Amino acid sequence: MDLQSIASVLRDSFQTKGVTPVDLREKKLELLKALIVRREADIMASLKADLGKSSFETYTTEIGFILEEISYTIKHLTAWTKIKKVKTPIALFPGTSRIHPEPYGVVLIISPWNYPFQLCLSPFIAAIAAGNKIVLKPSEFAPHTSSVIKNIIEEIFQSDDVVVVEGGLEETQALLTQRFDYIFFTGSTAVGKVMMKAAAEYLTPVTLELGGKSPCLIEQSANLDIAAKRIVWGKFLNAGQTCVAPDYVLVPRSLESELIERMRYHLKSFYGEDVRTSTDYPRIVNHKHFDRLKKLIIEDKIAVGGENNREENFIAPTILKGVAWSDGIMEEEIFGPILPLIPYDSLDEAINSILKYPKPLAFYVFSEVPQKQKDIIARVPFGGGCINDTVVHLANPNLPFGGVGTSGIGSYHGQKSFDTFTHYKSVYRQGSLVDIPLRYPPYNAKKLSVVRFFLR
Ligand code: NAD
């Protein structure tokens, strides 16, 4: 299919074939699930080739996540797609009111390379569930996974329902000149702006799942051992290439050394004496990101790690101590296995420093005092986060996942995903037998007093 005409071909199909019946959407999702299960080995191999991910990590954060999402969607789809009757005010008597969920039409989904399977298919499942036609653009920086995704999708979906476009900048730009009914983008804040500009041309609604610096705040009362363990787990998962990974840690100055020791201990228990030989520790996606990350390491502040190897795109889990807000590493999202610790003297000072940055995608608080937890959460605006944990909030389908401000617009997961790709059409239905004359001119004082009675 000609790249330039994809949106219009899918729109023709949407208009001529009509909205896909709900039972057919369910059937397609079941087929998709079964095929993913059958192709598990290929998916694992592609993620190994693209990012060096272990089977455990691939299953937990990519395949299993998606299977669960499909099951959840199928389970709730009938309820979500029902036309819902809502109350009608007495002033509109004797009509009735209903909300009709309808698909937007033709949607464009663009995804990044860090969780290349999950972040591509998660919005895709919702867009299918809602009945849309879809153009799916997996990341060019995870080419093996992109190819498996194309292969799987093309086995199940017809080319006038779903088109998978592989490629990079040129292909994405060609897609962005076309009119879509919705754009769902996951990636950097900088490219998010490109998406929104392109969407503005046709006033296309967008969801932007972006990034930024997600802080982790350790409060004086925290269980330091648990904090250290859960922070290094969340940070070094996928070698730090996770949008919601803790970007930096604020720690009371008096606890910094102990925190480092506990982090060192847990890293060793996760990955052994020599991380490079651990099959559980992934690699940096490419040389470009390796070079970018290497420059962020401040040699004289390394507390743990620092070892690296360009040929293998390997950077060991690296913890930097005594980092200052003015250090270069605090200027951009790290998106790799380097964790700066910033010691603080007062909680107020720590929170005020976080507030100087744009609103983060995620925020993590470690504290054993419920009132402190509440106060801190109330003071810091952020997309989503955890108290005494990291990253796992995104695994709960009842918690909408998304950013705020420069970390994103809109959210998804669970029913919110279905809502994202659905327009809720409001319809008031009136009969013709009764026609109350109140609203029609000529108006008079009596009519006004009746209206006053109802509208107050
Ligand atoms: P990116 O923004 O560089 O690229 C995303 C995709 O956009 C690319 O695959 C490419 O096809 C396209 N693209 C890139 N430049 C473009 C341009 N100028 N014009 C049009 N299209 C363009 O992001 P990335 O490097 O793939 O991913 C890393 C970023 O994504 C990080 O900032 C991370 O925090 C963020 N992220 C966010 C989430 C989330 O759920 N909020 C999840 C994963 C990653």
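Q: Why is the ligand said to lie between domain 1 and domain 2?
A: Residues of the shell around the ligand come from both domain 1 (3–210 + 405–425) and domain 2 (215–395), so the ligand lies between them. The domain bounds are taken from an automatic or database domain assignment.

This is a predicted model, in which local features need pLDDT of at least 70 and side-chain atom pairs count only at pLDDT 80 or more, while totals for chains, interfaces and linings use all residues. Residues are numbered from 1 along each chain as its sequence is written, and side-chain values use heavy atoms, with hydrogens and water left out.

Q: What makes the contact between Glu-333 and the ligand a polar one?
A: A polar contact is a pair of N or O atoms within 3.5 Å; within protein, one must be able to donate a hydrogen and the other to accept it, and residues adjacent in sequence count only if both atoms are side-chain atoms. A polar side-chain atom of Glu-333 is 2.6 Å from an oxygen atom of the ligand, so the pair meets the distance limit. The protein covers 89% of the 840 Å² of accessible area (Shrake-Rupley method, 1.4 Å probe) that the ligand has on its own.

Q: Which backbone atoms make polar contacts with the ligand?
A: A backbone N or O atom of Leu-210 lies 2.7 Å from a nitrogen atom of the ligand. A polar backbone atom of Gly-187 lies 3.3 Å from an oxygen atom of the ligand.

Q: How are the residues of the shell around the ligand divided?
A: There are 14 nonpolar, eight polar and four charged residues. Ala, Val, Leu, Ile, Met, Phe, Trp, Tyr, Cys and Pro count as nonpolar, Asp, Glu, Lys and Arg as charged, and the others, Gly among them, as polar.

Q: Which element gives the largest share of the shell around the ligand?
A: The element is α8, with three residues. Helices (H or I, at least four residues) and strands (E, at least two) are DSSP runs, numbered from the N terminus.

Q: What makes the phi of Asn-238 stand out?
A: Most residues other than glycine have a negative phi. Phi of Asn-238 is positive, near 55°. Asn-238 is in the loop between α9 (224–236) and β9 (248–252).
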